[in-house]
Amino acid sequence: MQRTRQDELLASCLELLSWDELTYMPRAGAAQRGEQMALLSGIYHDRAVDARIGELLGELENSTLVGDPLAPAAVNVREIRRAHQRMSRVPRSLVEELARVTTLAQHEWEAARRESDFPRFRPWLQKVIVLKRREADALGYEADPYDALLEEHEPGARSTDLARLFDALRRELVPLVNRLTPPADMSVLRREYPLDRQESFGKAVAAALGFDFEAGRLDTTVHPFCSAIGPGDCRLATRYDVHDFSDAFFSILHEVGHGLYEQGLDPDHQGTPIGEVPSVALHESQARLWENTVGRSRPFWEHFYPRARAHFPGALGDVKLDDFHLAVNHVERSPIRATADEVTYNLHILVRFDLERALIAGNLEVAELPGAWNEAYRQYLGITPRSDAEGCLQDGHWGAGLIGYFPTYTLGNLFAAQLFSRAAVELADLDCSFARGRFDGLLGWLREKIYRQGHRYPAGRLIEQATGRPPDYRPFIEYLSNKYTALYSI
Ligand code: ZN
């Protein structure tokens with residue numbers, strides 16, 4: 001275990017370097033930072049694939065230490081074996097080539113998006129897809145090469161199960177979206193919101209939800225993120241726009257959700273696999289739960305709206321709570337995923353899931369992507385992007401080699417709704433607590449059921465343990481139908 005704690009420290013140093021790169025590092029420091037990161041990543045990789053680890057694991061797996069598969073020692077052996085196996089299967093040459101190609105591909109993607117020039121990005125995406133297929137072959141899979149890539153982000157998930165789940169979800173979502181148009185008026189959110197006040201209001205709400213600023217901070221960046229450096233050090237970052245209340249505020253809540261999970265992990269297991277979050281989707285579920293289920297709810301704003309008005313008298317002085325609440329929940333078919341509302345959001349993900357699966361399976365050529373993208377948007381969202389910049393070039397994930405990552409966003413939304421609906425059954429009067437500014441009941445429940453459990457169970461099992469049901473799309477649909485039927489008075 002001493003060895004995994006040291007690995008964890010190395011990973012923590014990498015995390016701190018990358019946090020600094022995204023917040024305060026002067027631009028001219030990029031080359032030196034690249035060298036620092038490459039050196040530490042190389043050391044980390046070499047340690048992880050060391051054959052001696054395989055031998056040690058072999059000894060442990062035959063010992064009484066793993067007798068109870070849910071005991072911390074057994075969970076740690078299980079997870080170290082999984083990570084060791086995955087990393088050892090991919091040859092170092094492929095790891096290096098992927099790192100090199102994705103760095104350049106991201107660069108080309110940025111330029112291609114700026115100019116809405118898909119042909120510029122096409123050869124790079126082609127290279128990434130070829131390398132990711134090679135990676136999937138090296139990792140191994142049963143039926144679908146996509147599963148090997150999905151496993152990196154959502155251990156245990158299988159694409160055929162996801163396809164079934166997502167199909168059912170789509171059949172419910174499309175008619176719901178159709179009922180919720182035209183969109184509500186959200187112009188009040190575009191008034192003037194002074195930046196320093198946005199920051200102080202965001203921090204006050206974060207603290208009220210339970211984020212511990214003695215063990216964390218909030219800084220400014222380009223793309224919002226949460227960085228868990230280690231015990232007692234969890235850093236959030238967001239961006240501010242004086243004419244946009246929602247972007248900064250809800251991204252702070254989103255990152256606070258990630259941060260509450262990190263701050264709620266069991267300190268006794270820090271630095272070992274059982275003390276970690278089991279999957280990307282589960283992490284995302286907490287971000288979405290605090291951002292949307294809590295942060296866009298009526299009781300939440302019953303408490304915070306008078307405070308928001310006091311912070312922003314110029315923008316909100318003449319706006320009623322009802323109108324403000326409707327504005328932060330407006331639903332609109334837009335071509336852009338990152339700013340989509342919680343009703344249409346998953347349709348954006350379903351498009352990406354279908355297309356990336358087809359690309360990896362060889363059923364879709366990279367050259368055909370823009371056409372296939374636009375056709376899927378027409379079918380799923382009833383709109384056609386006006387350009388590739390607001391179409392298939394909008395996200396950087398594929399250029400960065402992140403394939404099999406998108407589904408975790410939708411799974412996270414489904415997990416969030418399922419957990420919240422269970423918490424609402426077990427905890428009386430959540431709405432009244434929120435309206436009084438009390439969030440500790442919900443946070444305590446999530447800590448006990450999810451955060452403190454660490455990686456004892458895979459994500460799907462943990463959801464089942466916490467809610468009594470395997471992962472299901474229905475609580476999410478119920479949540480949306482109830483909320484938006486009332487909001488849009490339909
Ligand atoms: Zn997130």
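How many helices and strands are there in the protein chain? Turn on the cartoon view of this predicted model and look through it: the protein chain has 21 helices and three strands.

**The whole chain**

Start zoomed out. Along the principal axes, the C-alpha atoms fill a box of roughly 70 × 50 × 50 Å. A compact globule of 490 residues would have a radius of gyration near 23 Å, and the protein chain agrees, with 23 Å. Now switch on the surface: the protein chain exposes about 21800 Å², with carbon and sulfur atoms supplying 51% of that area. Of the 490 residues, 52% are buried. If you display contacts between residues at least 6 apart in sequence, 72% of them join residues at least 24 apart.

**The zinc ion**

Next, select the zinc ion together with His254, His258 and Glu284. These are its protein donors, through NE2 of His254, NE2 of His258 and OE of Glu284, and they lie 2.1 to 2.3 Å from the ion. Read along the sequence, the donor residues follow the spacing H-x3-H-x25-E. Color helix H10 (residues 245–264) and helix H11 (residues 280–294): His254 lies in H10 and Glu284 in H11, so this pair ties together parts that are 30 residues apart in sequence. Are these two residues buried or exposed? His254 is buried, with a relative accessible area of 11%, and Glu284 is buried too, at 9%.

**Helix H6**

Move on to residues 118–139, which form helix H6. Its 22 residues should span 32 Å at 1.5 Å a residue, and the end C-alpha atoms agree, being 30 Å apart. Show the side chains of its buried residues, among them Phe118, Phe121, Trp124, Leu125, Lys132 and Glu135. Then bring in what covers them, including helix H4 (72–89), helix H5 (92–114), helix H7 (145–153), helix H15 (345–361) and helix H16 (369–381). Finish here by selecting Gly140, just after H6, which takes a positive phi of about 90°.

**The cysteines**

For the last stop, select Cys13, Cys226 and Cys234. How many disulfides are there? The count comes to zero, with a disulfide requiring sulfur atoms within 2.5 Å. The sulfur of Cys226 is 3.8 Å from its closest cysteine sulfur, in Cys234, so the two are too far apart for a bond. For Cys13, the closest cysteine sulfur is also in Cys234, but 17 Å away, which is too far as well. Cys13 is partly exposed, with a relative accessible area of 40%.

Methods:
Residues are numbered from 1 along each chain as its sequence is written. This is a predicted model: local features need pLDDT of at least 70, side-chain atom pairs count only at pLDDT 80 or more; totals for chains, interfaces and linings use all residues. Side-chain values use heavy atoms; hydrogens and water are left out. Buried means under 20% relative accessible area, exposed over 50%, partly exposed in between (1.4 Å probe, protein chains only). Donors are N, O and S atoms within 2.8 Å of the metal (3.2 Å for Na, K and Ca); water is not among the atoms, so sites may look incomplete. Helices (H or I, at least four residues) and strands (E, at least two) are DSSP runs, numbered from the N terminus. The radius of gyration is taken over C-alpha atoms; the globule rule is 2.2 Å times the number of residues to the power 0.38. Contact means heavy atoms within 4.5 Å. Accessible areas come from the Shrake-Rupley method with a 1.4 Å probe; for residues, only the protein chains shown count as cover. The expected span of a helix is 1.5 Å times one less than its number of residues.
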